[in-house]
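Biologist: Please put the model on screen. I will ask about sheets, helices and buried residues, and I would like the criteria along with each reply.

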Amino acid sequence: MTRTADVVVIGGGQAGLAAGYHLRRLGLDFVVLDAQSAPGGAWRHTWDSLHLFSPAAHSSLPGRLMPPQPGETYPDASHVVSYLTDYEQRYELPVVRPVRVEAVHRDGEFLRVEADAGTWRARTVISATGTWWRPFVPAVPGRSEFRGRQLHTVEYGRPADLAGERVIVVGGGNSGAQIAADLAYDTDLTWVTLREPRYLADDIDGRALFDHATARRRALDEGRTDNGGVASLGDIVAVPPVREARDAGRLKAQPMFARLTATGVEWDDGNRADADTIVWCTGFRPALSHLAPLGLRGPRGHVPTAGTRAVGEPRLHLLGYGDWTGPASATLIGVGRPAREAAREIARLLHG
């Protein structure tokens, strides 16, 4: 079966829903294709203890404030799933699931979206598939020799799963710090980072990060000096569990090791650490394989964009992959503005 729509949104997580909200307000004909079997996007698949960096009121999609979670200053992932579920229903967004998009092709005046549930012919496409589905693990020597268990952030669940084990957590960003703090009490933990961990001031949370990212984008757009963005403030938001483990002396980072061995890791100076499990908190890459037929990929696997619009294909917009598709666009609070601009630009393209 082949269906037709003015706009096909690929991805039903927070970025896809924000796009749907603005497309709905502009009265456009659209559909949201979501590969997941239920609402919530990647938030349905995070580790148990994950909490937002910001209070609920500062973690909202356009049009509806996230309600506070009773007893929590920073809501947990299950609260976010409930909020996204309610958001989708409240605005009657036309989400079709589960639909896994396999490829997007040029097809005359249309873009042809091929999926396991059929084909859609779209006048425009918004790709909002995020990064969670493409975890990155660096090519460290000896990875295939290690006889223990290797997990990525996406596979980690709870401390009880690794209780009593010798665990090495690799990564100095927020996920690395949070998972290391999670494991600091129930495992023999070694935390490894490329450089000394850089904590943001304890009173800084996601509100300040969004404001800083927005100010940086405004400065760049106006030709003013680059303030360095969020990275200039530090790498790790000191949420309460991280602060507690840090202040208790349980988060002491070791420098990055040189190689894996059959039983653990080894540094260039000959020091070794045995491990039962290694948890790679080493980030993600944009999940863009469905766009490969368009031939748009540029440096670092990104698609060159002007705002959210693909430079090489004006009928395609990319949303929610990181700052290159809008300041803080990979966050709940940050995705609303680029979603609005993408929807407006699509309306101008479709209706002149």
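Biologist: Which residue stands opposite Asp-107 in E5?

Modeller: This is a predicted model, in which local features need pLDDT of at least 70, side-chain atom pairs count only at pLDDT 80 or more, and totals for chains, interfaces and linings use all residues. Residues are numbered from 1 along each chain as its sequence is written, and side-chain values use heavy atoms, with hydrogens and water left out. Strand E4 (residues 101-107) pairs with strand E5 (residues 110-115) in the antiparallel sense over six bridges; strands are DSSP runs of E with at least two residues, helices are runs of H or I with at least four, both numbered from the N terminus, and two strands pair if DSSP finds at least two bridges between them. Opposite Asp-107 in E5 stands Phe-110.

Biologist: Which residue in the hairpin of E4 and E5 takes a positive phi?

Modeller: The hairpin has two residues between the strands. The phi in question is near 65 degrees, and the residue that takes it is Gly-108.

Biologist: What is the strand order in the open sheet of five strands?

Modeller: The pairing in this sheet is parallel. Its edge strands, each pairing on one side only, are E7 (149-152) and E10 (253-255). From one strand to the next the twist averages 25 degrees. The order is E7-E14-E8-E9-E10.

Biologist: Which residue in E14 is the bridge partner of Ile-168?

Modeller: Strand E8 (residues 166-170) runs parallel to strand E14 (residues 277-280), and four bridges pair them. The partner of Ile-168 in E14 is Ile-278.

Biologist: How many residues of strand E9 are buried?

Modeller: E9 is joined to E8 by five parallel bridges, and one bridge pair is Val-167 with Leu-189 in E9. Buried means under 20% relative accessible area, exposed over 50%, and partly exposed in between, with a 1.4 Å probe and protein chains only. Strand E9 covers residues 188-193 and is largely enclosed by the rest of the structure, because the buried ones among its six residues number five.

Biologist: How many residues does the largest nonpolar core have?

Modeller: A nonpolar core is a set of buried Ala, Val, Leu, Ile, Met, Phe, Trp, Tyr and Cys residues joined through side-chain atoms within 4.5 Å. Val-7, Trp-43, Leu-61 and Val-169 have the most contacts inside the largest one. Apart from it lies another core of 23 residues, among them Ala-115, Val-303, Ala-310 and Leu-316. The count for the largest core is 56.

Biologist: Why does Ala-310 count as buried?

Modeller: Ala-310 is in strand E16 (residues 309-310). Leaving aside neighbours within four places in sequence, its contacts (heavy atoms within 4.5 Å) are Leu-296, Val-303, Pro-304, Thr-305, Leu-316 and Leu-318. Ala-310 counts as buried because its relative accessibility is 0%.

Biologist: Is Gln-178 buried or exposed?

Modeller: Gln-178 sits in helix H3 (residues 174-183). Not counting residues up to four places away in sequence, Gln-178 touches Trp-47, Leu-50, His-51, Phe-53, Val-239 and Val-242. With a relative accessibility of 9%, Gln-178 counts as buried.

Biologist: What is the relative accessible area of Thr-153?

Modeller: Thr-153 lies in the loop between E7 and E8. Beyond residues up to four places away in sequence, Thr-153 touches Trp-47, Trp-132, Ser-175, Ile-179, Trp-280, Cys-281, Thr-282 and Phe-284. Thr-153 is buried, and the value is 1%.

Biologist: At roughly what angle do the axes of H1 and H6 cross?

Modeller: Axes are lines fitted to C-alpha atoms, for helices over the stretch in contact, and angles run from 0 to 180 degrees between N-to-C directions. Among the residues that meet are Ala-18 and His-22 in H1, and Ala-339 and Arg-340 in H6. The axes of H1 (residues 14-25) and H6 (residues 336-351) come within 8 Å, and the crossing angle is roughly 45 degrees.

Biologist: Which residue in E13 stands opposite Glu-266?

Modeller: An open sheet of three strands has antiparallel pairing and the order E11-E12-E13. Strand E12 (residues 264-266) pairs with E13 over three bridges. Opposite Glu-266 stands Arg-272.
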